[in-house]
Amino acid sequence: MVKQFKPNSSSPFQARMSSTNKKVMQALAETISQKVEHFSALSFVVSKKEVECLIRKFNTLLEAEKHPDSSVPGLDRNRFKDVLHNLFELTDDFILDRVFKVFDKDNDSFVSVEEWIQGLSVFLRGTPDEQIKYCFQVYDLTGSGFITKDEIYLMLKDSLPMEQQDEEDEMNELIEIVLKMMDYDKDGRLSFEDFEKSVKKEDLILEAFGKCLPNFRTKKKFEEQVLEKQQDE
């Protein structure tokens, strides 16, 4: 008599593989959690669990990418932008390009799992100082250490309705108002010190040149669905 195959039963090999994969994830989570400050609010154990949740979410997103090259090291630019749009409702394509560059620390055109978690650490739970630095990096389009008039023009123009984008006089007037308010050393551009001082004086200026952080609602939803729910499973 031929034994009937039971699809729900797992072989010793499958169980061993599952156990191995779990150990690999736990080891990776432990390594990353030692580098990431803001997923350790309560204890190192909580940190590891949260990082494991973020790794699982990353792997799900990576699988959904269905890249023909199975060795792809992370989320590419377009997939990353889609993820931030869907999870956090960020809609400015120009700014999303810059957020990708800030997350992609090694400039290999992919956001790896470690870059994903390190980026989310600041993106979701960063201190005010860390988020000021993050926003400045997003807005410093060339990485020069300054936000220039041309860069302000590009970012503000992209955020305006189409019918207003060709009104050069109004754009230039708006830029002069911005510089008058934020350019403390009066050199015609914004240094990090100018930006930091402006934000600490008026925190609404933090995302003055384009939305690049999640709002409270989307952040709370992500933490509930990805961090809290998966820890309970």
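Visitor: Which residue does Glu224 meet in a salt bridge?
Guide: This is a predicted model. Glu224 lies in helix H10 (residues 216–232), and its partner is 4 residues apart from it, about one helical turn. Their side chains meet at 2.4 Å, N to O. The partner is Lys220.

Visitor: Are Glu224 and Lys220 buried, exposed or partly exposed?
Guide: Buried needs under 20% relative accessible area, and exposed needs over 50%. Glu224 has 36%, and Lys220 has 40%. Both values fall in between, so Glu224 is partly exposed and Lys220 is partly exposed.

Visitor: How many salt bridges does the model hold?
Guide: The rule asks for a side-chain nitrogen of Lys or Arg within 4 Å of a carboxyl oxygen of Asp or Glu. One of the pairs is Lys211 with Glu207, with the closest N and O atoms 4.0 Å apart. By this rule the count comes to 12.

Visitor: Which helices does the salt bridge between Asp93 and Lys81 link?
Guide: The two side chains meet at 2.9 Å, N to O. They sit 12 residues apart and link distant parts of the chain. Asp93 belongs to residues 93–103 and Lys81 to residues 77–88. The helices are H4 for Asp93 and H3 for Lys81.

Visitor: Why does Lys81 count as buried?
Guide: The cut-off for buried is under 20% relative accessible area. Its partner Asp93 counts as partly exposed, at 45%. Lys81 counts as buried because its relative accessibility is 8%.

Visitor: Which residues are linked in a network with Lys81 and Asp93?
Guide: Lys81 and Asp93 share a salt bridge. Salt bridges also join them into a network with an Arg and another Asp. Those residues are Arg77 and Asp97.

Visitor: What geometry does the aromatic pair of Phe103 and Phe123 have?
Guide: The structure holds 11 aromatic pairs. In the pair of Phe103 and Phe123, the ring centres are 6.1 Å apart, with 75° between the planes. Planes over 60 degrees apart count as edge-to-face. The pair is therefore edge-to-face.

Visitor: Which helices does the pair of Phe136 and Phe195 link, and is the pair stacked, edge-to-face or tilted?
Guide: Phe136 is in helix H6 and Phe195 in helix H9, 59 residues apart. Phe136 is buried, and so is Phe195. Their centres are 5.8 Å apart, with 55° between the planes. The helices are H6 and H9, and the pair is tilted.

Visitor: Which residues form one aromatic cluster with Phe103 and Phe123?
Guide: Phe103 and Phe123 are both buried. Phe103 is in helix H4 and Phe123 in helix H5. Their cluster also takes in Phe80, Phe88, Phe100, Tyr134 and Phe222.

Visitor: Which residue lies over the face of Phe146?
Guide: A charge over a ring needs NZ of Lys or CZ of Arg within 6 Å of the ring centre. Here the distance is 3.5 Å. The residue is Arg189.

Visitor: Which helix gives the most to the largest nonpolar core?
Guide: In soluble globular proteins, nonpolar side chains tend to be buried together. The largest core here has 54 residues. Those with the most contacts inside it include Trp116, Phe123 and Tyr139. With 7 residues, the helix that gives the most is H5.

Visitor: Which Phe residues does Tyr139 touch?
Guide: Residues up to four places away in sequence are not counted. Among the residues Tyr139 touches are Ile95, Ile147, Met155 and Leu206. The Phe residues are Phe195 and Phe209.

Notes: Residues numbered from 1 in each chain as written. Predicted model: local features only at pLDDT ≥ 70, side-chain atom pairs only at ≥ 80, totals over all residues. Heavy atoms only, no water. Helix = DSSP H or I, 4+ residues; strand = E, 2+ residues; numbered from the N terminus. Buried < 20%, exposed > 50% of the residue type's maximum accessible area, 1.4 Å probe, protein only. Phe/Tyr/Trp six-rings, centres within 6.5 Å; stacked < 30°, edge-to-face > 60°. Lys NZ or Arg CZ within 6 Å of the ring centre and 35° of its normal. Core = buried A, V, L, I, M, F, W, Y, C linked by side-chain atoms within 4.5 Å. Contact = heavy atoms within 4.5 Å.
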